[in-house]
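The exercises below are meant to be worked through with the sequence and the model side by side. Please try each task before reading its solution.

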Amino acid sequence: MAKLKSTYVCQSCGNVTPRWAGRCEACGEWNSIVEEAASSGVGAGPKAAIASGRPVELVPLSGESEEAARIATGNGELDRVLGGGFVIGSAVLVGGDPGIGKSTLLLQGAAALARQGKRVVYISGEEAIAQVRLRATRLGVADAPVELASETHVETILATIEKGKAPDLVIIDSIQTCWTERIDSAPGTVTQVRTSAQALTRFAKKSGSAVVLVGHVTKDGQIAGPRVVEHMVDAVLYFEGDTSLTYRILRGVKNRYGATDEIGVFEMVGSGLREVPNPSALFLDQRDSGAAGSAVFAGVEGTRPVLVEIQALVAPSPLGTPRRAVVGWDSSRLSMVLAVLETRCGVRIGANDIYLNVAGGLKVNEPAADLAVAAALISSLTNSPLPSDAVYFGEVSLSGGIRPVVHANLRVREAAKLGFGSVHTAKLNATDRTDGVALNEFSALAELVGRIAANGSGGQGNDID
């Protein structure tokens, strides 16, 4: 008998090497390389079994195309992130930390669709049927006609859901537990995850059913398994939030049928996840407006304006190397803002310990938060509370200037709607102005620093030249 050849596959990034190594050269992970059969994978098998190709009809680029049909769940926040609901024949990958609420959200959405008369199938590979039923009872959706099964074998799952009428929605919880007989590797390996996801995605395209795959995440917050799985599916959603807080954020990072970077905000209560239609009021609910180091940032997530509190604490450092602790923002961006304050504005802040936090568990990625961060830092350094009715947004350049950002009109209108009376930003166009809101426009960061420092009590001494 011929000896089976083996390859070695990194379980973190999917990189293939001819021999085992303790550290993956592609992603740098240690002890992540596992031996797998070389013949396994998509398209494996004897060459005689491969069917020959056939020519397809080529069509012009111009022509009529129908808008993708959707199935709305009735959950406003979930439908917002999806772009209006589940697209018929689409595959969606949902990732998040353990216990963040992925199964809870999907079970609530499945029950809502089943009550509309849709056929919904929920396949659980991690929990027994009794456990899923207990969760459904706690959520108050046990009476919904959701078809339930506990199975991990992909061929068995496909044979089950292909029997009878095609389901409108199929939920696989989770893809890391699935395995197929075409692969010799253990469940959860890169090849098993990739092949199982491809089989389920092919079923979605062929049958017109919407398929949702639940994925685990690594310690870095990325969906476990090969990145090719994210390329296979039509949408990738990340469920974010601190399990110690009640807020949960569903973020769309890829969507072929809708906007990316859209977010949905939920609150975890005893009966499950409750949608939050006005997240700005939620994030600012417990804000201490009289404390120094607190600034309100007017951001935009997808198509939704969101107001969030930026908290900064500047304290004398007893160490030779000051501490830098950042939660919810890019630490490299903080270093840039500190360098601009030191070099362009004459603020001696680099020798202090600096702690920065975005309240509510939201992660801010846009550079428009530069101005709010700078305002919070100067407020804490000079012990000068910022006006309670002021919001800040703008990008800080390396030259010390303040640049305008996109969607300024949405940010200003959201501030006015929540009762804020002044906006601090760069020079705006006439179309971005809103009645009832005073605009404080700056061309350089030093102007804002000087205004804040003039009202301060000098908490750190004379730190501004």
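Helices and strands are here DSSP runs, with at least four residues for a helix and at least two for a strand, and they are numbered from the N terminus. The model is a predicted one, and on this counting the protein has 11 helices and 23 strands.

**Exercise 1. Describe the protein as a whole: its extent, its burial and its contacts.**

Step 1. Taken along the principal axes, the C-alpha atoms fill a box of roughly 80 × 55 × 55 Å.

Step 2. The protein has 465 residues, and 49% of them count as buried.

Step 3. Among the contacts with a separation of 6 or more, 67% come from residues that are 24 or more positions apart.

Step 4. The exposed area of the protein is about 21,800 Å², of which carbon and sulfur atoms supply 51%.

**Exercise 2. Find out whether Gln192 is buried or exposed, and describe its surroundings.**

Step 1. Gln192 is found in helix 5, which covers residues 190–207.

Step 2. The relative accessible area of Gln192 is 1%, and because buried means under 20%, this residue counts as buried.

Step 3. Leaving aside neighbours within four places in sequence, the contacts of Gln192 are Cys178, Trp179, Thr180, Ile183, Ser185, Ala186 and Pro187. With Ile183 there is also a polar pair, in which the backbone oxygen of Ile183 lies 3.4 Å from a polar atom of the Gln192 side chain.

Step 4. Gln192 belongs to the buried residues of helix 5, which include Val193, Leu200 and Phe203. Helix 5 is followed by Gly208, whose phi is positive, near 85°.

**Exercise 3. Check the span of helix 8 against the span it should have, and then describe its start and its packing.**

Step 1. Helix 8 consists of 13 residues, 331–343, and at 1.5 Å a residue it should span 18 Å.

Step 2. The end C-alpha atoms of helix 8 are 19 Å apart, which agrees with that expectation.

Step 3. At the N-terminal end, helix 8 is capped by Asp330, which has a side-chain oxygen 3.2 Å from the backbone nitrogen of Ser332.

Step 4. The buried residues of helix 8 are Leu334, Met336, Val337, Leu338, Val340 and Leu341. These buried residues pack against strand 17 (324–327), strand 18 (352–358) and strand 20 (395–396), as well as against helix 9 (370–381) and helix 11 (445–454).

Notes:
Residues numbered from 1 in each chain as written. Predicted model: local features only at pLDDT ≥ 70, side-chain atom pairs only at ≥ 80, totals over all residues. Heavy atoms only, no water. Expected span 1.5 Å × (residues − 1). Buried < 20%, exposed > 50% of the residue type's maximum accessible area, 1.4 Å probe, protein only. Contact = heavy atoms within 4.5 Å. Polar contact = N/O pair within 3.5 Å; in protein donor to acceptor, adjacent residues only side chain to side chain. Areas by Shrake-Rupley, 256 points an atom, 1.4 Å probe, with all protein chains shown as cover.
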